[in-house]
Every structure is written in C-alpha cells, then in structure tokens.
Amino acid sequence: AKQQGRGILRFFSPELTDRAKARLALEAELRHAIEGDELRLYYQPQTDLVSGETVGLEGLVRWHHPERGMIPPGDFIPLAEESGLVVALGDWVLHTACRQIKTWLDAGLAPRRTAVNVSAVQLSRDHLIESVKHALRETGIPPERLELEITESFVIADREQSFKALAELRALGVRLSIDDFGTGYSSLAYLQHIEIHELKIDISFVRDVTTNTSNASIVKAIIALGHSLGSEIVAEGVETQAQADYLRALHCDLMQGYLVSRPLPVEEITRFLSRAGA
Ligand code: C2E
Ligand code: CA
Ligand code: CA
Ligand code: CA
C-alpha cells in the first residue's frame with residue numbers, strides 16, 4: 001500500500017506533471033522536425049596526422065527549431081532514444097549523408113569516407129540493416145564510402161542481436177567505427193568477433209593528454225590495441241597543435257577537432273573540401 005501511495009503521489013506531483021508534459025511536447029516537436037525540414041547534418045573533417053589530408057568526415061545532426069533556435073544533439077538524442085524516434089531520425093541521417101556523399105562523388109570532392117552516428121537502440125532492431133541497404137541502393141554509392149560510428153553500449157543493450165547486426169553490416173561492406181572507445185563499461189570480447197575498421201579515442205582522454213600521464217597511458221594503450229587489431233585510430237576533440245604533435249608522435253592516425261575545423265553546414269564543408277583538394 002505504501003508503495004502504491006508513493007506511486008500515486010508521484011503521479012499527481014505538479015512538478016513531474018509539468019516535466020512530463022514538456023517532454024511530450026518536445027517529443028511531438030521532434031517528430032515534426034524529422035518529418036519536416038528542421039534537421040540539418042553538419043560535417044566535421046577527420047585529418048591524417050602525417051599528410052594533413054582530409055580522409056573522412058563525421059556527420060553530426062543539428063535541430064534548427066523555429067522558435068527555440070539551434071538545439072544541440074545532446075539535448076534531444078537521449079529523448080529520441082527513449083521514445084524510439086531515434087529510428088526515424090537515424091533513417092533521415094543515413095539517407096541525408098548518403099545523398100550528400102553521392103553529390104560529393106559526382107563533384108570529385110568526396111573524402112574516402114563519411115561517418116554517421118548510429119544509436120545502440122537502432123542497432124538492437126532489425127530495421128537498421130534494411131535502412132542502410134536502402135540508402136546505398138537509392139544513391140548507388142560504394143558501401144565503403146559510408147562509415148557507421150557505434151558506441152560500446154551496444155554490447156550491453158542486446159548482445160546477440162547487436163553482434164548479428166554488426167556482422168550483417170560488415171557483409172554489406174560499410175565501415176565500422178567504435179565511438180568514445182574506452183568509456184563504455186564493456187569487455188573487449190566483441191573485438192575478437194567483428195573486424196572493426198576504426199577506434200575513436202574519446203575527447204575525455206584527449207583533452208589533457210599532453211599533461212596527464214594516466215590519460216597519456218590510456219591513449220597509448222588504445223593506439224597499440226587498435227593497431228594490433230588492424231584498426232585505424234582517430235582522436236576526437238583535438239583543439240591544440242600540442243595535442244596534435246603529441247598524438248602524431250604516438251602514431252595515432254587521424255585527428256578530428258576544433259584545431260582543424262568545427263562541424264560545418266553543407267555549403268561550408270563543401271568549400272572546405274574544394275580548398276583542400278586544390
Ligand atoms: P560524438 O559522436 O562523440 O561527437 C563528438 C562531439 O564533440 C560533437 O558534439 C562535436 O561537435 C564535438 N567536438 C568536435 N570537436 C571538438 C573539439 O575540438 N572540442 C570539443 N569540446 N568538442 C568537439 P555534438 O555535435 O554536440 O554531438 C554530441 C553527441 O550527440 C555526439 O557525440 C553523438 O553521440 C550524438 N549525435 C550527434 N549527431 C548524431 C546523430 O546523427 N545520431 C545519433 N544517434 N547521435 C548523434
Ligand atoms: Ca561520433
Ligand atoms: Ca559519441
Ligand atoms: Ca565522444
């Protein structure tokens with residue numbers, strides 16, 4: 001009875017009701033945003049630490065809300081995941097990126113690959129494979145031009161289903177990247193089963209890599225592990241030349257961060273790619 005009483009109290013708490021209402025409103029607005037024209041995919045370059053070449057791009061979603069202005073993904077991706085809307089959002093991201101890759105290929109501007117972020121929620125559903133197949137078929141781009149960034153949380157979410165999905169994605173020929181590597185509480189066992197093209201060192205390890213010896217040790221270990229498995233290593237959140245120099249000395253392959261560029265809207269990243277090619 002006590003349990004029930006608490007539940008009832010919570011249910012009628014005006015504060016929670018307001019929060020629940022706000023959530024529902026935001027959810028409806030997000031649904032509208034996905035169907036309408038309020039989402040944008042920005043792109044951030046990934047740069048070879050030795051040659052300086054732009055090897056890849058990462059697509060990062062932005063929500064241009066008509067009244068609230070720009071809403072960063074950290075403010076709506078979690079809601080999208082809880083409500084299941086991340087599946088529709090993920091479809092939009094995949095198709096938008098593949099169409100853009102096609103446009104860049106036709107213009108001779110496409111970097112080797114362009115990555116999109118895939119939520120563990122998407123990976124735990126059969127729909128993702130169909131969606132990737134559809135985006136590839138619709139645009140006709142070579143599968144290796146597309147990379148999927150997946151966080152280690154997939155291992156916890158639904159192990160069997162997620163392993164199966166990763167194997168099927170590999171079979172399609174798309175590239176796989178493990179995002180925020182080292183921050184998930186996962187075992188490394190999945191690395192035995194699935195060939196991973198790329199590991200991304202999380203910004204939290206990169207931030208003070210030049211001054212914090214334990215972060216430097218972790219970065220060194222990730223690079224050694226990744227290379228021994230045949231994966232390329234990307235450091236995210238590189239903001240200073242000192243970090244870039246340090247990472248190059250450790251044989252990290254690529255960097256991504258404000259030192260090279262912020263994530264840019266399509267017109268600006270296209271200009272960036274034309275300049276880089278010239
Ligand atoms: P993430 O995948 O780890 O992306 C890296 C984040 O670091 C991005 O934040 C990027 O703008 C930011 N960043 C890049 N360079 C620097 C730097 O030098 N310094 C600092 N301080 N930050 C840097 P953003 O765009 O706000 O995205 C946040 C997170 O939202 C992403 O983290 C990703 O988990 C999620 N996300 C973004 N777009 C998508 C998407 O299309 N689908 C899904 N499922 N998640 C997305
Ligand atoms: Ca990412
Ligand atoms: Ca991430
Ligand atoms: Ca990260």
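**Figure 1. Salt bridges across the predicted model.** The structure holds 20 salt bridges. The model is a predicted one, and the views below show individual pairs, a linked group, the enclosed space and two cysteines.

**Figure 2. The salt bridge between arginine 113 and glutamate 198.** The closest N and O atoms of arginine 113 and glutamate 198 are 3.2 Å apart. This pair joins distant parts of the chain, since arginine 113 belongs to strand 4 (residues 113–118) and glutamate 198 to strand 7 (residues 198–201), with their positions 85 residues apart. Both arginine 113 and glutamate 198 are buried.

**Figure 3. A network of salt bridges that includes arginine 113 and glutamate 198**. Salt bridges link Arg113, Glu147, Arg175, Glu198 and Glu232 into this network.

**Figure 4. A salt bridge within helix 4, formed by lysine 102 and aspartate 106**. The side chains of lysine 102 and aspartate 106 meet with an N to O distance of 3.2 Å. Both residues lie in helix 4, where they are four residues apart, about one turn of the helix. Lysine 102 counts as partly exposed, at 33% relative accessibility, whereas aspartate 106 counts as exposed, at 58%.

**Figure 5. The salt bridge between arginine 40 and aspartate 37**. Here the side chains meet at 3.6 Å, N to O. Arginine 40 has a relative accessible area of 34% and is therefore partly exposed. Aspartate 37 counts as exposed because its relative accessibility is 60%, which is over the 50% cut-off.

**Figure 6. The largest cavity and its lining.** The count comes to one cavity of 30 Å³ or more, and about 40 Å³ of space lies in the largest cavity. Its lining consists of Val87, Asp91, Gln122, Arg125, His127, Leu128 and Ser131. Helix 4 (86–106) and helix 6 (127–139) are the elements that give two or more residues to this lining. Helix 6 provides the largest share, three residues. By class, two of the lining residues are nonpolar, three are polar and two are charged.

**Figure 7. Cysteine 98 and cysteine 252, two buried residues**. Cysteine 98 counts as buried because its relative accessibility is 0%. Cysteine 252 is likewise buried, with a relative accessible area of 3%. Both values fall under the 20% cut-off for a buried residue. A search of the whole structure finds zero disulfides.

Key. Residues are numbered from 1 along each chain as its sequence is written. Chains are lettered from A and ligands numbered from 1 in the order in which they are written. This is a predicted model: local features need pLDDT of at least 70, side-chain atom pairs count only at pLDDT 80 or more; totals for chains, interfaces and linings use all residues. Side-chain values use heavy atoms; hydrogens and water are left out. On a 1 Å grid over the protein atoms alone, a cavity is a set of points where a 1.4 Å probe fits but cannot get out, and a pocket is an open set with protein on both sides within 12 Å along at least five of seven lines; lining residues have an atom within 4 Å of a point. Grid points are joined across faces, edges and corners, and a volume is the space filled by probe spheres set on the points. Ala, Val, Leu, Ile, Met, Phe, Trp, Tyr, Cys and Pro count as nonpolar, Asp, Glu, Lys and Arg as charged, and the others, Gly among them, as polar. A disulfide is a pair of cysteine sulfur atoms within 2.5 Å. Buried means under 20% relative accessible area, exposed over 50%, partly exposed in between (1.4 Å probe, protein chains only). A salt bridge is a side-chain nitrogen of Lys or Arg within 4 Å of a carboxyl oxygen of Asp or Glu.
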